[in-house]
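Trainee: Could you take me through one part of this model up close? I'd like to look at the open sheet and what sits around it.

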Amino acid sequence: MRLALFQMCSGIDPAANAAALVAAVDEAADRGAAMLFTPEMSGLIDRKRDRAAGHIVVEAEDPVLRAVREAAARRGLWVHIGSLALRSEDAQGRMVNRGFVIDASGEIHARYDKIHLFDVDLPGGESWRESAAYAPGERAVIAETPAGPLGLSICYDLRFADLYRSLTDAGATLLAVPAAFTVPTGEAHWHVLLRARAIEGAAFVIAAAQVGQHEDGRATYGHSLVIDPWGRILLDMGDEPGVGVVDIDPGMIAHIRARIPVIAHRRPIPPAGAGR
């Protein structure tokens, strides 16, 4: 099974980002991939909220989503859009950070809203408050795809192992982790956390990432990865934008889970109490 990843440097113009995504769909199809994975915030990266506001619309009106759906249908390719910033019906007027699985006919097969929001103050002085603009998702999602059951997540979700336990308990054999990791957190934690999620879930991890210096001034880490259920890195795209392809063997899941049956051995854990 051949998968493709698009490592992007999304900018402040959704039309330009849409064109890049359509070109990536064409390249992935030309290279024989069955499915393409794109990063978090594929349609727009712009920290200036007043400038970004005019581009953020409800799902039905989003031009990036429409362009990718049309390209997927034209090429007969499944696409996981890591996420788009969209208007929601939230009473507080917040947005959603929403990922999509699009099938080979261009239909939306699954949606996932990012559950864990990035509210942190980093040592280098960077401060992020996603919850000020975004409403959190409320449920885990698995999508049936040509490569197998795909558990969906987005970026900061990576730090919460219980989400991935829930996904693999429910049957996921692949875990998507589209991201826009900062450079400091990427250098410190990206590879080790993704390998841990693959090993503890005995699942393939597919992590398409943003990379480079963006138009709005921020920088992202890149290193889009595909990791097998034994924790081996099959693809590392480094620090340049582009499309990468990798061949995976879905049959490896059963082999690894029989060798070390981590899923079968899981037990409910009661709340911790005081020791004696």
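Mentor: Start at M35, which stands opposite W78 in β3. That pair belongs to the join between β2 (residues 35-37) and β3 (residues 78-87), two strands that run parallel and are linked by 3 bridges. Keep in mind that this is a predicted model.

Now zoom out to the sheet itself. It's an open one with 6 strands in the order β5-β4-β3-β2-β1-β16, and the pairing is mixed. The edges are β5 (108-113) and β16 (242-247); each has a single partner strand, so one side of each is left without a neighbour in the sheet. On average, neighbouring strands here are turned by 25° against each other, direction ignored.

Next, the helices. Helix α1 (residues 14-30) packs on the sheet and touches β1 (2-7), β2, β3 and β16, with its direction at about 155° to that of β1. Helix α3 (residues 63-75) lies across β3, β4 (95-102) and β5, and it runs at about 165° to β3.

While you're at β4, have a look at R98, which is found in that strand. R98 counts as buried because its relative accessible area is 16%, under the 20% cut-off. Its side chain makes a polar contact of 3.0 Å with the side chain of E59, and another of 2.6 Å with that of D113. Leaving aside neighbours within four places in sequence, R98 is also in contact with residues including G82, S83, L84, L86 and I154.

Then there's the nonpolar packing. The largest nonpolar core has 49 residues, and the members touching the most others are L3, F37, W190 and L194. Click on W190 and, beyond its neighbours within four places in sequence, you'll find contacts with L158, V177, A179 and F181, among others. A second, separate core of 27 residues includes F6, A33, A67 and V79. As a general point, nonpolar side chains tend to be buried together in soluble globular proteins.

Finally, in case you're wondering about cysteines: a search of the whole structure finds 0 disulfides. Take C9, whose closest cysteine sulfur is in C155, 15 Å away, so the two are too far apart for a bond. The surroundings of these cysteines are worth a glance as well: C9 is partly exposed, at 33% relative accessible area, whereas C155 counts as buried, at 8% relative accessibility.

Key. Residues are numbered from 1 along each chain as its sequence is written. This is a predicted model: local features need pLDDT of at least 70, side-chain atom pairs count only at pLDDT 80 or more; totals for chains, interfaces and linings use all residues. Side-chain values use heavy atoms; hydrogens and water are left out. A nonpolar core is a set of buried Ala, Val, Leu, Ile, Met, Phe, Trp, Tyr and Cys residues joined through side-chain atoms within 4.5 Å. Buried means under 20% relative accessible area, exposed over 50%, partly exposed in between (1.4 Å probe, protein chains only). Contact means heavy atoms within 4.5 Å. A disulfide is a pair of cysteine sulfur atoms within 2.5 Å. Two strands pair if DSSP finds at least two bridges between them. Helices (H or I, at least four residues) and strands (E, at least two) are DSSP runs, numbered from the N terminus. Axes are lines fitted to C-alpha atoms, for helices over the stretch in contact, and angles run from 0 to 180 degrees between N-to-C directions. A polar contact is a pair of N or O atoms within 3.5 Å; within protein, one must be able to donate a hydrogen and the other to accept it, and residues adjacent in sequence count only if both atoms are side-chain atoms.
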